Amino acid sequence: MPGFELQYPLALLLLLLAPLFLMLRRRTRRKLPFPSIIPEMANLRPGFWKRNYNGIFFSLVYTCLVLSLVNPGYSKETVEEFIESKWLFLALDLSGSMKRPVSMFSDQTLGDLALDGISSFIDMRRSDDYIGLVAFSSYAKLLAPLTFDKDLLKAKLDLVRSKNHSRIYRELGAGGGTNASEAVWLSLSAFFSMLPEENRLSVEQIAGMREFLLGEPGALLDIPQKIRNAALGTGMAVILFTDGRIEPTQRAHVHSGALPNLVNIITLMKAVGVRFYIISVGGEVDEAVERAMQPVTGEPAVGRIFVTSRGLDREQIEEVYREIDILETNRNLTRITLQPRWTRHILAFLGFGFMALHLLLRSLPQLRKL
Amino acid sequence: MKPRYRFDILLKHPPRNDMAGDWAGLDRGTGYEFWGLRKYLPGDSWSRIDWKACARSGELHVREFLRDSAYNLLLICDVSRSMHFGNKFGLAKDLTVSLAHAALRSNNPCGLLLFADKVLTWIPPSAAPRQFHRIVNALQQAPAAKNRQTCLAPTLEFVMKRLASCFGVIISDFHTDLGKLKSLMDAADSRFPAHEMVALHVLEDAEYQLTGIDSGLLTLQDMESGQQTALDLSRLDEFNALLRRERERTVRTLAAVGIDSAVLPVGATDIQARVNTLFSRRLAARV
């Protein structure tokens, strides 16, 4: 029996008293004094069952009650096979540069092309993958939290298409910067807030963590124990699409330090196992970020940087997303759950059942003791 | 203590007492001493017809004798633990007192011996006026047997050593090994034994026949040996048959050593008749 254990094993010592109780019962049982017992009376003794059913039932009841004190337990193993559900956050740069037309003969902007790529990527994914959307320029905005509603995601994507001239599109387009680190941090915060209750971070804890990420790279990273215990990261990824320069932090904030450092964020993602893919149109990636993305010897890579030319087309974008889709393939997982099962109630019920049966038998005319 | 029963103590054999002939009884009876003649009445034994008197008178006359007297009646009463089952000892006391009264009333010496595994109380036979009270007191203060067993043979051996002749009445439930009596009573096998013994087999009703219960389980404990045995009352018939066989075996064993016996269940209403019948039957069997 897997995982067999006894809650109070010392109570088993009570079983040693059983012979004593049996002996006492034998000595104190009712006896009718009779002048003489002749040897022939031995032939009139009742059968084994009639003679000993009292002792047998007493032993059974006593054993059951002692075992219910001991409370043996075992683990019930449940094997569950399922396909991994990925948590993906798609961060899309919607700064002013993304409004440039793809070609002089097309009315489609680079942003629209990126949105088409994202849309096709959403179609590629399984129906139970959680996908979230973040749009950013100088600041980041959560378009859609993690959801498996693909229609909702596409509706949110339509919101930031150039032809729709939505308010969000206009607001984000006004900002000229490429605040990738804020977008990635927002995605990570969304992951943290979606964790189970026992591992979920409070707003204060997330804010405190952000403080750590503001410093220079190499600063000691303090990851809350809750996040460590959550075994976070398996099947989580952030996909960043931008045509701006990928820097640890924006130049304007270097001195003030009010933005999380992307290198720190990549280090955090490495530590918790969240994968990070960068699609960089034009390939302007800072050396520090490239170094941070490099795999350390003996450890898996945190992700990959896809560099495309500025004159990319829809096919190229879709090709990149297909590649990411392959990299983030849903795995077949097996979940083995061991559920502890205690047998106290069963044994106690069994003991009382035997007791009731004993009383019933004792009341039968053939078995009653006079 | 008043005697509960009125017994006619009749001996099977003439008493072996040197002075037996000098002690004439007060009552007519079935002794050896001639008393007189009377007219024949229906029911009289033909062996008693005096043919000479018939020839003289032309009518049937029978001889009457003096009742035997001058016998030593010894009441040998069992006071072992098994005798305290139910009201057995109460009946035994009644029998003892009544027999003592019957003997003393006709001026015959009467003694008492209480025994269990050994002789506990010994009152030698005497016809003294206070003897009856001595016997009654001894019975009322009967010592409790410390030992559990009943041993009859050593008791009879004791009697035979102490008394040259006697008429002994053993009042007991006979839960003892009777095989040892065989060697002891060989001497009594003669035509006129010195020690004439009669047994009154006292039994409690449950010991005689168990009734009123038809199912269930019972644990019996031997009052003397402490041995226990479980009994399935669904086999009550077999149990009663076993008791009957055991009773019959006791009677046969006693008869084999020359001791006539009567079984007296405590609940029986005809105790007096049963004992008197025993005496009469023995007398009828006189050779």
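Helices, taken as H or I runs of at least four residues, and strands, taken as E runs of at least two, are DSSP runs numbered from the N terminus. By that reckoning chain A of this predicted model holds twelve helices and ten strands, while chain B holds eight helices and ten strands.

Within chain A, which has 370 residues, 31% of the residues are buried, and of the contacts that join residues at least 6 apart in sequence, 80% link residues at least 24 apart. For chain B, with 287 residues, the buried share is 37%, and residues 24 or more positions apart account for 76% of the contacts with a separation of 6 or more.

Where the two chains meet, 24 residues of chain A are in contact with 28 residues of chain B. On the side of chain A that touches chain B, the elements that give two or more residues are strand β2(A), residues 32-34, and helix α2(A), residues 48-70, and it is β2(A) that gives the most, with three residues. By residue class, this side of chain A divides into 13 nonpolar, nine charged and two polar residues.

The strand β2(A) also takes part in pairing across the two chains, for β2(A) and strand β8 of chain B, which spans residues 217-222, pair in the parallel sense over three bridges. To locate this pairing at the level of single residues, one may look at A:Pro33, which stands opposite B:Gln221 in β8(B). Strand β2(A) thus appears twice in this account, as the element that gives the most residues to the side of chain A touching chain B and as a parallel partner of β8(B).

Methods
Residues are numbered from 1 along each chain as its sequence is written. Chains are lettered from A and ligands numbered from 1 in the order in which they are written. This is a predicted model: local features need pLDDT of at least 70, side-chain atom pairs count only at pLDDT 80 or more; totals for chains, interfaces and linings use all residues. Two residues are in contact if their C-beta atoms, placed from the backbone, lie within 7 Å. Ala, Val, Leu, Ile, Met, Phe, Trp, Tyr, Cys and Pro count as nonpolar, Asp, Glu, Lys and Arg as charged, and the others, Gly among them, as polar. Two strands pair if DSSP finds at least two bridges between them. A residue is buried if 20 or more other C-beta atoms lie within 10 Å of its own, exposed if 12 or fewer, and partly exposed in between; C-beta atoms are placed from the backbone.
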